[in-house]
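This short report covers a ligand site and one loop residue. Start with the view below.

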Amino acid sequence: MNIKMFDFKVIGDSRGSLIAIEGEKTIPFDIKRVYYIFDTKSNVQRGKHAHRDLEQILICINGECKIRLDNGTKSKILTLNDLTKGLYIDSMIWRELISFSPDCVLMVLANKYYDELDYIRNYQEFLEAINSDNK
Ligand code: T46
């Protein structure tokens, strides 16, 4: 599964800490878009889709949430609760976000502008797209 956890360098001094993220340096792509998810209601699921052609890095900058990732053959659940780590997710990976703490702030860096046509929001359609790519 093409995912990777990046450990960001913390620049600390007597005043506190700072993390800098630079496109194509700290992370593997140029950043075209940043969005963040917050104030998520309890027991809500977000995501439930894959992207045809989009790379993203998810950074939980406050609180906690979990993410289930699925490439059509393997699935895993990761906890995001550390602002020094960024989860890279490549295209064609189904994701479901669950178990948001009330204070969760999830920041996402993306390599493309928003495009609803890039989304596969039906799991069966996702599996069919994966299988046709593997033919
Ligand atoms: C993802 C997970 C982690 C925009 O207008 N611009 C944007 O850049 C985004 C991301 C969303 N929207 C609109 C589209 C919908 O009307 O905001 C609304 C909620 O979006 P969505 O239901 O896709 O949100 P999530 O939390 O289910 O998924 C989002 C991202 O869409 C997705 O790429 O990987 O966060």
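Is Ser91 buried or exposed? This is a predicted model, and in it Ser91 has a relative accessible area of 18%. Buried means under 20%, so Ser91 counts as buried.

**The loop residue**

Ser91 sits in the loop that links β9 (85–89) to β10. Its side chain comes within 2.9 Å of the backbone nitrogen of Leu54. Neighbours within four places in sequence aside, Ser91 contacts His51, Arg52, Asp53 and Leu54.

**The ligand site**

The ligand has 13 residues around it. Arg33, Arg46, Gly47, His51 and Tyr119 come nearest. By type, the shell holds 5 nonpolar, 4 polar and 4 charged residues.

Three strands each give at least two residues to this shell: β4 (33–38), β5 (46–51) and β10 (94–98). β5 gives the most, with 4 residues.

Which side chains place a polar atom by an oxygen atom of the ligand? The table lists Tyr35, Arg46 and His49.

| Side chain | Distance from its polar atom (N or O) to an oxygen atom of the ligand |
|---|---|
| Arg46 | 2.6 Å |
| Tyr35 | 3.2 Å |
| His49 | 3.5 Å |

How much of the ligand does the protein bury? Taken alone, the ligand exposes 650 Å². The protein buries 68% of that area.

Note on methods:
Residues are numbered from 1 along each chain as its sequence is written. This is a predicted model: local features need pLDDT of at least 70, side-chain atom pairs count only at pLDDT 80 or more; totals for chains, interfaces and linings use all residues. Side-chain values use heavy atoms; hydrogens and water are left out. A residue is near a molecule or strand if one of its heavy atoms lies within 4 Å of it. A polar contact is a pair of N or O atoms within 3.5 Å; within protein, one must be able to donate a hydrogen and the other to accept it, and residues adjacent in sequence count only if both atoms are side-chain atoms. Accessible areas come from the Shrake-Rupley method with a 1.4 Å probe; for residues, only the protein chains shown count as cover. Ala, Val, Leu, Ile, Met, Phe, Trp, Tyr, Cys and Pro count as nonpolar, Asp, Glu, Lys and Arg as charged, and the others, Gly among them, as polar. Buried means under 20% relative accessible area, exposed over 50%, partly exposed in between (1.4 Å probe, protein chains only). Contact means heavy atoms within 4.5 Å.
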